[in-house]
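The following note sets out points for a colleague reading this model. It begins with the core and proceeds to the sheet, the helices and the question of confidence.

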Amino acid sequence: MFAHIFLASILIISPVLGQNDDIEVAPYEVVETKASYEVRDYPARKWVSTDNAAKDIHGGIEHSVSFDRLFQYISGNNVNNTKIDMTSPVTFFIQRSDDPEAEQEFTMSFYIPAVHQDDPIQPQAENVYIEDRAGFRVVATEFGGFASSEDFEMAAQDLYESATADGFDLITETYYNAGYDSPYTIFNRRNEAWFVVRAV
Ligand SMILES: *[C@@H]1O[C@H](CO)[C@@H](O)[C@H](O)[C@H]1NC(C)=O
């Protein structure tokens with residue numbers, strides 16, 4: 001299952017994500033550094049997004065289907081027929097479910113490069129859209145390796161326990177997964193789980 005996604009992803013993203021030290025990262029400010037997580041403020045920014053649903057978001061075919069829609073957009077399938085630089089991270093906004101058999105709705109997104117933030121190029125495909133993401137505060141925990149859906153959920157459980165013990169009021173019906181690397185990156189891979197901190 002994993003190998004299949006891995007190979008599909010290599011074919012799709014290796015040309016763009018090969019040298020990920022150079023790619024633009026969505027901006028954020030670290031508000032506080034805790035032992036196992038960070039508190040961050042993300043400013044309001046635009047992302048390009050697509051919606052899907054899967055039982056296993058990171059291990060199922062839906063992952064590469066969604067990725068391909070966004071990849072087509074940055075490759076020129078947009079109203080200007082313009083190539084747009086790859087950015088990181090790729091985020092997944094997930095409706096969490098207690099039922100392991102249920103499909104979870106998720107939104108996969110690429111950050112729109114700063115040069116296009118003011119006037120994003122409109123997508124051509126109907127299932128790809130520009131998302132006006134409001135600014136928010138998150139608690140974020142980082143882990144390495146090739147991350148499965150279970151790895152993200154386990155990181156989220158630990159994050160939930162630590163941050164709640166520290167007094168944070170988190171929105172837990174949804175959470176974000178963030179991935180920073182191409183499948184070619186073997187070492188020092190960066191994956192994150194984020195919970196949005198409820199505004200007071
Ligand atoms: C995309 O096309 C529209 C309409 O022709 C134009 O107004 C806009 O400036 C173009 N954007 C870029 C980045 O080329």
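**Notes on the predicted model**

1. The largest nonpolar core of this predicted model has 35 residues, among which Val139, Leu159 and Trp194 touch the most other members. At least two residues of this core come from each of strand E4 (45-54), helix H2 (61-74), E6, strand E7 (104-111), E9, helix H3 (149-165), E10 and E11. The greatest contribution is that of H3, with five residues.

2. Leucine 159 deserves separate mention. Beyond its neighbours within four places in sequence, leucine 159 is in contact with Tyr37, Val139, Thr141, Ala193 and Phe195.

3. The strands form an open sheet of nine, in the order E2-E3-E9-E11-E10-E6-E7-E4-E8, with antiparallel pairing. Strand E2 (29-33) and strand E8 (129-133) are the edge strands, each pairing on one side only. On average, and with direction ignored, neighbouring strands of this sheet are turned by 35 degrees against each other.

4. Helices H2 and H3 both pack on the sheet. H2 touches E4 and E7, and its direction makes about 150 degrees with that of E4. H3 touches E9, E10 and E11, and its direction makes about 45 degrees with that of E11.

5. Why is strand E11 (residues 191-196) described as largely enclosed by the rest of the structure? Five of its six residues are buried, so the description follows. Strand E9 (residues 136-143) runs antiparallel to E11 and is joined to it by six bridges; here tryptophan 194 of E11 is the bridge partner of alanine 140. Strand E10 (residues 174-179) pairs with E11 over four bridges, also in the antiparallel sense, and glycine 179 has asparagine 191 of E11 as its bridge partner.

6. E9 also pairs with strand E3 (residues 38-42), through five bridges and in antiparallel fashion. Within this pairing, valine 138 of E9 is the bridge partner of arginine 40.

7. Proline 89 lies in the loop between strand E5 (87-88) and strand E6 (90-95). It counts as buried because 21 C-beta neighbours lie inside 10 Å, the cut-off being 20 or more. Not counting residues up to four places away in sequence, proline 89 touches Ala26, Ala178, Gly179 and Tyr180. Its C-alpha atom is separated by 6.4 Å from that of valine 25, although the two residues are 64 apart along the chain.

8. As to confidence, the mean pLDDT of the protein is 91, and 90% of its residues reach 70 or more. Over residues 1-19, however, pLDDT stays under 50, and the model has 27 contacts beyond four places in sequence for this segment. Where pLDDT is low, the predicted coordinates should not be read in detail.

Terms used
Residues numbered from 1 in each chain as written. Predicted model: local features only at pLDDT ≥ 70, side-chain atom pairs only at ≥ 80, totals over all residues. pLDDT = per-residue confidence, 0-100. Contact = placed C-beta atoms within 7 Å. Buried ≥ 20, exposed ≤ 12 C-beta atoms within 10 Å, placed from the backbone. Pairing = 2+ DSSP bridges. Core = buried A, V, L, I, M, F, W, Y, C linked by C-beta atoms within 7 Å. Axes fitted to C-alpha atoms, helices over the stretch in contact; angles between N-to-C directions.
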